[in-house]
Amino acid sequence: MSQKYADIIIDISHEGVDRPFQYIIPEELETEVGVGSKVTVPFGQGNRRRTGYVVRITEEPSWDVDKLKYVTGVEEGYIAVESKLIRLAAWMRREYGSTMIAALKTVMPVKKKVRERKTQISTNEYIPDFEKISNLSDDQQAVFEDFKTDWDAGDRNTYLLHGITGSGKTEVYIAMADHVISQGRDVIILVPEIALTYQTVARFKTHFQDSISILNSRLSDGEKYREFMKCREGKTHIIIGPRSALFAPFENLGLIVIDEEHDMAYKSEMTPKYHAREVAIERARMDGASVVLGSATPAISTYYKALNGEYKLYTLDSRVAGATLPDVHIVDLRDELAKGNRSIISRKLYDSMDAAFKSGEQVMLFINRRGYNSFVSCRSCGEVIRCPRCDVSLSLHETYNSRKLICHYCGHTENSPTECPKCHSKLIGGYGTGTQKLEEEVKKLFPSIRTLRMDKDTTTAKGAHGAIISKFRNHEADCLIGTQMIVKGHDFGNVSVVGNVLADLSLFDNDFESAERTFDLLTQASGRAGRTGDSRGTVVIQTYQPEHYAIETAAAQNYRSFYDYEMAYRRILHYPPVYELLCVLVTSAKEDNAVKVADALAEAAKTYVQDVKATSDTKGVRGCETDVIGPAEAYIYRINDIYRRVIYIKSAEHDKLIGISEHIQEVFSTFDENDVEVSFDFNPMNVM
């Protein structure tokens, strides 16, 4: 029997060891060690016990056998990584500038075998019932038939399904999934929020019964393991969940659907900072599957690729079952103040809510901020209460018996002061508007109506998302108040009024995508009103900037007009999707080290660009030279006593940015400053 050797990625997140190390597989472990196994090995001069993942097994040693060490054990209870997912992890490592171990851990949504324990709340407890829809509309049928023709011909494309709110995109997904499953293949359905999982499962369950699995972060380890194994053993053919469900271990994957594909939740905030859209397309390429991207407000980059022929574009421009788009009213809050209305609810919104409540209909109020007030400051000297470890103001959170100030970056918490710590004035209090304050205002104006609040503070408990949605759908409340999570794809038939209380909160964020996010949120929120056909619905958008193109086009539900405005802005300033953007973040607890390393890496990037330019006859595929900007202090310079500096690099060529990131990693590996970390973010969705 020939000797076998294992190439192993060691579980150390450091660029210096980000390569496979070869070990001998002892005879007694040959039946247990396979590709994807988690093993223990001696590592380094001291032979310290480390864990790692097997990425290749061979009978040919790559090194002198006398210098190779032996695998010492296989970790019990851990699930092997699928070989396809290892290849996907390797692709993610290169595309997003991470270590291989970080990429491997990302593609492992379930890592350990755990016995499932009985829980008080079932994952199916709040899944509502929907009627089974047997006839697609003509427009829906045309989309499905074209997809079916491609599928039957062996064409595996990426599709963009651009359908207005209420146009029946989910029914099209179901038809596509049904056809793919009938051909012996499996389906992944991604949703941006856990709150949407229950509704999506309900819609699919009416058609596919029990051949559906759920995978999300709110499941217990035992529940995750159960769902994971159902996929692996072929006992389920559809898995539904947020971003991590993309890595379900299907052997015969045939279709990936990304609903609300524009949503920021599909971008990972942890290294590797991948986008589910891009990873889904690569996984589909590896598996011979198709990808369907669906949204009423497609990401600008997605629509750009669809218009350029990279994706196939489908359009649904009318609502199903005779429903029409709501009447939208823009309220200028400057006029409200001038006329003496100091309430956060305008007269138009009040009248619309009052009429809805009297008719037994429901209302949704949306504000893009949770909590009570945005910050606490002194009216005498202007002092703002800030986090002692981060360069941010603390947020005020009030309950019936406490007033706490919380930092949402490091978790620092302190009691709200009764006097200014700087000038000792008693004139200190909260400023701004959050969901809690909005709920209080609604109760003051409408004392008899029942309210529910849905934000991060009220959905921390397991099952909380589903419980709130179930109560509102069953009309156990008249008004649902919440952050952006309430406007993402929910279908409430009795909602006739939607109020966007302060549309400007996201309009002037300090990054280039703020207008796009505002348009998306306003359009999606408007889409929750009048979905049944019995009522046209009313939407009120309150703003201090009524003339802004994002506000006007959202009110008109005119995506193409907004796209044209936004693309003109992006072209002028060389922003994605016309050009690509790489953010290099350098962090350290020592400010001098952060400055030193960031300066050196920026200089290395500039040198690399000059060297490439000297050997190239072109300025880039779209005529744009590569720009290296910075380094500079990050938007928030210090978080939890960690200093942050950023370098931005723009280029029209994706591969050039990949080359720069790899070069920066090589240069960084030569530094001795062990307290410094470097991370990469391609086309970041938030300013660093």
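I406 stands opposite T413 in strand β19. That pairing is a good place to enter this predicted model. I406 also has a partner on another strand: S395 is bridged to I406 in β18. So far that is one residue; now take the strands around I406.

Strand β17 covers residues 395–398, and strand β18 covers residues 403–406. The two run antiparallel and are joined by four bridges. Strand β19, residues 413–415, pairs with β18 through three bridges. This pairing is antiparallel too. Follow the chain onward from β19 and you come to a loop that leads to β20, residues 428–431. H424 sits in that loop. H424 is not a glycine, yet its phi is positive, at about 65°. Is H424 buried or exposed? Its relative accessibility is 51%, so H424 counts as exposed.

Next, go to the open sheet. Seven strands form it, and their pairing is parallel. Their order across the sheet is β9-β10-β8-β11-β12-β7-β13. Which strands stand at the edges? They are β9 (212–214) and β13 (312–316). Each has a single partner strand, so one side of each lacks a neighbour in the sheet. Neighbouring strands in this sheet are turned against each other by 20° on average, with direction ignored. In a regular strand, side chains alternate between the two faces of the sheet.

Look at the β9 edge. Three bridges join β9 to strand β10, residues 238–241, and the two run parallel. One residue pair to find is I214 with its bridge partner I240 in β10. Now cross to the β13 edge. Helix α8, residues 300–307, lies across β7 (158–163), β12 (290–295) and β13. The helix runs at about 115° to β7.

One loop linked to this sheet deserves a stop. It runs between β11 (253–259) and helix α7 (276–287), and P272 is in it. What is the peptide bond from T271 to P272? The bond is cis, with omega near -5°.

Now turn to the nonpolar cores. The largest has 85 residues. M92, F247, I256 and L480 have the most contacts inside this core. Helix α1, residues 83–96, gives the most to the core, with six residues. A second, separate core has 28 residues, including F144, W151, F204 and V257.

Take I256 for a closer look. Set aside its neighbours within four places in sequence. I256 is then in contact with I188, L246, A280, A284, S290, V291 and V292.

Helix α1 also holds L85. Is L85 buried or exposed? L85 has 4% relative accessibility, so it counts as buried. Again set aside neighbours within four places in sequence. L85 is then in contact with V107, F247 and R283. F247 is also among the residues with the most contacts inside the largest core. For a sense of scale, go from L85 to R453. They are 368 residues apart in sequence. In space, their C-alpha atoms are 39 Å apart.

Now find a pair of helices. Two packed helices are described by the angle between their axes and the distance between the axes. Helix α13 covers residues 514–526, and helix α15 covers residues 559–573. They pack at an angle of about 170°, with axes 11 Å apart. Angles over 145 degrees count as roughly antiparallel, so α13 is roughly antiparallel to α15. Which residues make the contact? On α13 they are A515, E516 and F519. On α15 they are Y559, F562, E566 and R570. In this contact, four residues are nonpolar, three are charged and none is polar.

Beyond α15 comes a loop that leads to β25 (580–588), and P577 lies in this loop. A cis peptide bond joins P576 and P577, with omega about 10°.

The last stop is N47. It lies in the loop between β3 (38–43) and β4 (48–58). N47 is not a glycine, but its phi is positive, at about 50°. How does N47 count by accessibility? Its relative accessibility is 42%, so N47 counts as partly exposed.

Methods: Residues are numbered from 1 along each chain as its sequence is written. This is a predicted model: local features need pLDDT of at least 70, side-chain atom pairs count only at pLDDT 80 or more; totals for chains, interfaces and linings use all residues. Side-chain values use heavy atoms; hydrogens and water are left out. Two strands pair if DSSP finds at least two bridges between them. Axes are lines fitted to C-alpha atoms, for helices over the stretch in contact, and angles run from 0 to 180 degrees between N-to-C directions. Angles under 35 degrees count as roughly parallel, over 145 as roughly antiparallel, 65 to 115 as roughly perpendicular and the rest as oblique. Contact means heavy atoms within 4.5 Å. Ala, Val, Leu, Ile, Met, Phe, Trp, Tyr, Cys and Pro count as nonpolar, Asp, Glu, Lys and Arg as charged, and the others, Gly among them, as polar. A nonpolar core is a set of buried Ala, Val, Leu, Ile, Met, Phe, Trp, Tyr and Cys residues joined through side-chain atoms within 4.5 Å. Buried means under 20% relative accessible area, exposed over 50%, partly exposed in between (1.4 Å probe, protein chains only).
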